[in-house]
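Q: Could you take one part of this model and look at it closely, beginning with the contact of a charged side chain with an aromatic ring? I would then like a careful, connected account that places that part among the other features of the chain.

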Amino acid sequence: MKRLVLFDKGNSAPIYNAGLNIYNARLNGSTFLQPSVTMAVSMRDLDSAFQGAGQKAGLEIWRIENFRPVPVPKSSYGKFFTGDSYIILKTTALKTGAFRYDIHYWLGKDTSQDEAGAAAIKTVELDAALGGRAVQYREVQGHETEKFLSYFKPCIIPQEGGVASGFKHAEVEEHKTRMFVCKGKHVVHVKEVPFARSSLNHDDIFILDTKSKIFQFNGSNSSIQERAKALEVVQYIKDTYHDGKCEIAAIEDGKLMADAETGEFWGFFGGFAPLPRKTTSEEDNSAATIPTKLLRVVKGQAVPFETNALKRELLDTNSCYVLDCGLEVFVWMGRNTSLDERKSASAAAEELVAGPSRPKAHIIRVIEGFETVMFRSKFDSWPSTTDVTVSEDGRGKVAALLKRQGFNVKGLLKAAPVKEEQQPFIDCTGNLQVWRIDGQDKTLIPPNEQSKFYSGDCYMFQYTYPGEDKEEYLIGTWFGRQSIEDERGAAITLVNKMAESLKGQAVQARIYEGKEPIQFFSIFQSFIVFKGGISSGYKKYISENGIADDTYTEDGLALFRVQGSGPDNMQAIQVDPVGTSLNSSYCYILLSGTTVFTWSGNLTTSEDHELIERQLDLIKPNVQSKPQKEGSESEQFWNLLGGKCEYPSHKLAKEAESDPHLFSCAFSKGSLKLTEIFNFSQDDLMTEDIFVLDCHSEIFVWIGQQVDSKSKMQALTIGEKFLEQDFLLEKLSRETPIYVVMEGTEPSFLTRFFIWDSAKSTMHGNSFQRKLAIVKNGIMPTVDKPKRRSSTSYGGRSSVPDKSQRSRSMSFSPDRVRVRGRSPAFNALAANFENSNARNLSTPPPVVRKLYPKSVTPDSIKLAPRSTAIAALTTTFDQPQQSTPSRTPPKEPSPKTPKTPSELNGKENSNSMSSRIEALTIQEDVKEGEAEDEEGLPMYPYERLKINSPEPVSDIDVTKRETYLSSAEFREKFGMTKEGFYKLPKWKQNKQKMALHLF
């Protein structure tokens with residue numbers, strides 16, 4: 001007789017204990033006795049079929065054959081036989097670097113008890129090999145969990161037959177007419193029913209699969225979403241059993257003989273007749289009448305545990321419990337429980353659901369420290385952390401033993417967390433407008449001041465940027481920490497009006513100070529937050545409540561913390577001017593009248609030092625600062641901060657993005673009901689519904705086109721309610737950013753969580769009509785897409801493809817703001833044609849490579865070189881001559897240069913300067929990494945171009961200082977030609993520029 005026991009050498013205690021009710025089974029002619037439930041697994045007996053399991057994300061499936069697990073070929077995943085038992089391992093790679101394991105053992109309705117027992121045993125063995133932290137689910141055919149079914153979308157249809165232990169697999173034979181009933185709004189439970197009129201009813205959806213045509217019968221009481229999901233099953237049957245070649249027909253309950261297909265359908269049943277009322281079946285027994293109760297397992301018996309409220313403190317690590325929730329029964333096993341206690345708990349759960357009056361229930365087994373969200377949510381209170389210390393020791397010992405026996409243990413150890421640079425996932429080349437809320441009104445902020453916010457004020461913004469085939473809009477509110485409720489309410493009202501004026505084409509954001517997402521910082525690029533406020537509402541509030549006004553003034557004492565990742569994402573936040581506000585991981589600016597100190601912590605980098613210089617030019621330009629390094633500060637510096645003191649050194653913690661979760665929402669009378677969609681895809685977003693995508697650091701409320709107008713108006717409220725409920729028990733902040741997204745306007749920072757097809761979100765009709773068109777005709781009828789129009793903004797923002805140019809180029813002169821991305825020569829050229837009295841319109845968005853990550857970057861567009869554009873422009877008007885110190889000879893045009901587009905020559909009826917500016921801008925920003933054409937650019941010596949030059953040049957693009965060097969001096973400093981330099985990766989360019997103090 002073989003026993004599954006794992007002992008370490010020299011240690012009589014078992015290394016790994018995993019509780020599970022074990023069936024009687026036979027293995028190689030010997031009988032497995034029911035061992036103690038804290039079953040120890042010997043690595044010597046670990047089945048070789050599990051070698052390498054769980055080493056990478058995805059599905060792995062084994063079928064029990066002769067009581068051994070045999071890997072199922074990937075081509076057969078999703079194909080199950082009613083006479084077999086299977087083990088399914090789902091491995092999920094988390095953003096933390098760890099793996100999450102879910103093990104399901106599926107029991108066909110005709111499987112033998114021996115095979116079911118072997119599946120249960122092998123599930124425990126697999127869990128042991130994975131370190132004993134998997135959640136284990138028992139799946140019974142016809143009553144599978146939604147999580148299990150989500151692995152095999154759109155459905156599973158078990159086939160008759162089994163392995164040689166009891167059945168033979170069904171032979172392929174002539175097509176047999178079959179009928180199925182489909183249930184489910186998010187995942188579909190498919191069950192074969194007798195091919196008879198009596199099987200039909202008004203509440204469900206039925207699929208009649210005949211040799212030449214598949215009919216879908218929609219009960220009159222079924223929902224649109226259920227009908228749409230059932231069509232996915234129709235497509236599956238068509239592809240699986242008809243090689244994709246058969247007709248599809250949709251039959252509406254109650255249409256009688258209105259059309260030929262309806263008549264054909266009823267002909268299979270001998271003609272139309274009224275359907276019987278649906279009879280109550282075992283599956284329809286509601287578990288709502290079974291109250292949730294906790295039972296403690298004592299001497300093999302589940303004894304009710306009397307308590308007024310479910311709390312985590314009730315669960316003793318030395319005991320096992322059964323939590324009966326009706327349709328779900330959880331077995332909780334304390335880490336210090338004995339083998340017999342775990343066995344008894346599992347057996348008690350099996351006995352509990354075996355009663356004839358009980359509905360079918362799912363049994364889910366969890367071990368202390370690895371409880372599921374669903375289990376924890378059943379309790380009135382559950383601490384975010386428990387006293388249980390879960391280490392990697394057990395996992396490491398299992399891995400060590402496996403390695404000694406020659407197994408590959410690569411996947412058993414925790415993977416390193418994936419370090420990804422934050423990406424904005426938004427085109428940062430658009431036009432920005434910002435308003436400050438003043439009482440119940442809004443005040444437009446001038447472009448040179450629109451990145452300067454006050455903590456006591458509220459703001460609203462509109463950002464317009466080029467999308468895939470139309471203008472896209474991001475509008476929203478920003479609430480300062482000290483802002484007042486009245487002005488917050490006014491901001492929301494005004495943004496709602498703006499959203500209405502844009503006819504639902506805008507993504508709406510609600511953002512709080514200190515919780516800003518990367519997209520927000522990226523569109524501002526430079527962002528400054530001052531203390532206090534200047535709105536009338538804030539001033540009135542502090543006056544009425546006797547609060548001191550600490551609003552920033554230029555001649556007062558102020559301390560700013562500088563942070564960010566580069567010129568296109570940098571912030572300066574005013575903090576209390578005391579020593580405790582310092583942090584070794586940041587740089588700071590200290591102002592006192594005309595005295596300016598810059599302080600660099602010991603843990604800061606050269607990139608951080610560059611940011612402090614850039615921010616200083618925005619806050620206090622044209623003032624010489626006194627640099628201070630941590631540990632060598634002057635006495636005057638400490639006196640301004642009130643003396644030396646201790647301060648932190650670790651960077652401020654930010655809300656990290658977690659693995660996304662999608663929820664379907666039902667909101668009524670202030671109550672929000674949520675259903676999680678597992679393994680979600682774009683097809684799960686039904687146009688009739690509202691969904692919430694939660695990635696912890698921000699949430700998205702997605703509104704389908706067919707949602708009623710009242711529910712659309714409650715979108716922001718739904719987001720706030722979701723944060724309040726904290727469904728995943730992840731301690732969500734009430735100030736987490738919320739985005740409201742209408743179907744058809746999905747931004748790239750949402751679609752990155754899906755494999756996205758934009759055509760699907762612009763289709764006509766409801767979910768059923770859309771999918772029916774695809775299933776029957778293979779086409780997607782789309783709405784007319786609005787054309788992109790030239791956007792207008794007060795910001796004068798222009799797009800450039802080069803990331804180093806994306807920062808809004810405010811030169812280090814306090815009274816001058818230059819449009820980002822234009823060279824000085826171009827600015828001078830355009831200035832002669834701009835009316836100083838007219839409103840400053842921005843250039844239309846150029847057609848350039850968008851600043852997306854590679855995964856979503858559109859194909860680059862080939863355009864004429866810049867020299868051609870300038871030549872075309874100068875044919876229309878004379879360019880003023882400028883003297884320059886030195887200039888390299890102009891480059892000869894390539895013989896393959898494409899002809900200038902007609903837009904650049906100017907149309908007969910369009911002679912406006914804006915079109916010429918657009919043409920030049922488009923050609924000026926051709927592609928990333930292109931060498932700057934020196935034609936028209938003045939040359940300056942290196943000593944004047946350095947960022948720390950005592951005699952700096954004022955009229956240059958500060959993000960492209962190197963372009964103003966002569967060819968000879970460029971080669972001397974960089975050791976290469978300009979052409980070679982611009983072929984380098986952008987990070988290498990920036991590194992060399994930093995070393996030469998040019999960046």
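A: In this predicted model, Arg178 lies over the face of Tyr241, at 4.9 Å from the ring centre. The number 178 also opens strand E10, which spans residues 178–183 and is mostly covered, five of its six residues being buried.

Strand E10 has partners in two other strands. Five bridges join E10 to strand E12 (residues 205–209), and the two run antiparallel; within this pairing, Met179 has Leu208 of E12 as its bridge partner. Five bridges likewise join E10 to strand E11 (residues 189–193), again in antiparallel fashion, and here Phe180 is matched with Glu192 of E11. E10 and E11 form a hairpin with five residues between the strands, in which Gly184 takes a positive phi near 130 degrees.

On the N-terminal side of this strand, the loop between helix H2 (146–150) and E10 contains Pro154. The peptide bond that joins Lys153 and Pro154 is cis, with omega at about 10 degrees. Such a value deserves a note, because most peptide bonds are trans and most residues other than glycine have a negative phi.

Two residues depart from the second of these tendencies. Asn66, with phi near 55 degrees, has a positive value in a residue other than glycine, and its place is in the loop between E5 and E6. Asn66 counts as exposed because its relative accessibility of 60% is over 50%. Lys731, which is not a glycine either, has a positive phi of about 55 degrees and is found in the loop between helix H14 (715–725) and strand E36 (738–742). Lys731, too, is exposed, with a relative accessible area of 56%.

The loop of Asn66 leads to a sheet. Strand E5 (residues 58–65) is joined to E6 by four bridges, and these strands run antiparallel; in this pairing, Ile64 has Pro69 of E6 as its bridge partner. Both strands belong to an open sheet of ten strands with mixed pairing, whose order is E6-E5-E7-E8-E9-E19-E18-E17-E15-E16. Strand E6 (68–71) and strand E16 (301–304) stand at the edges, and because each has a single partner strand, one side of each is left without a neighbour in the sheet. Neighbouring strands of this sheet are turned by 25 degrees against each other on average, with direction ignored.

Aromatic side chains offer a further comparison with the arrangement of Arg178 and Tyr241. A second charge over a ring is found where the charged end of Arg561 sits over the ring of Tyr586, 5.6 Å from its centre. As for rings that pair with rings, a search of the whole structure finds 63 aromatic pairs. One of them is formed by Phe521 and Phe527, which are tilted, with 5.7 Å centre to centre and 55 degrees between the planes; both residues are buried. Another is the stacked pair of Phe970 and Phe974, at 4.3 Å centre to centre and 20 degrees between the planes. Because Phe970 and Phe974 are four residues apart in helix H22 (residues 967–974), they are separated by about one helical turn. Phe970 is buried, with a relative accessible area of 0%, and Phe974 counts as buried at 6%. Ring pairs also link Phe195, Phe206, Phe215, Phe217, Phe265, Trp266, Phe268, Phe269 and Phe272 into a cluster; the number 206 lies in the range 205–209 given for E12, the partner of E10.

A loop residue offers one more local view. Ser581 is found between strand E28 (569–575) and strand E29 (587–592), and with a relative accessible area of 17% it is buried, because this value is under 20%. Not counting residues up to four places away in sequence, Ser581 touches Leu559, Val575, Asp576 and Tyr588.

These parts belong to a chain with 24 helices and 36 strands. Of its 999 residues, 53% count as buried. Among contacts with a separation of 6 or more, residues 24 or more positions apart account for 68%. The chain exposes about 46200 Å², of which carbon and sulfur atoms supply 49%.

Definitions and conventions: Residues are numbered from 1 along each chain as its sequence is written. This is a predicted model: local features need pLDDT of at least 70, side-chain atom pairs count only at pLDDT 80 or more; totals for chains, interfaces and linings use all residues. Side-chain values use heavy atoms; hydrogens and water are left out. Buried means under 20% relative accessible area, exposed over 50%, partly exposed in between (1.4 Å probe, protein chains only). Contact means heavy atoms within 4.5 Å. Accessible areas come from the Shrake-Rupley method with a 1.4 Å probe; for residues, only the protein chains shown count as cover. Rings of Phe, Tyr and Trp (its six-membered ring) pair if their centres lie within 6.5 Å; planes under 30 degrees apart count as stacked, over 60 as edge-to-face and the rest as tilted. A charge sits over a ring if NZ of Lys or CZ of Arg is within 6 Å of the ring centre and within 35 degrees of the ring normal. Two strands pair if DSSP finds at least two bridges between them. Axes are lines fitted to C-alpha atoms, for helices over the stretch in contact, and angles run from 0 to 180 degrees between N-to-C directions.
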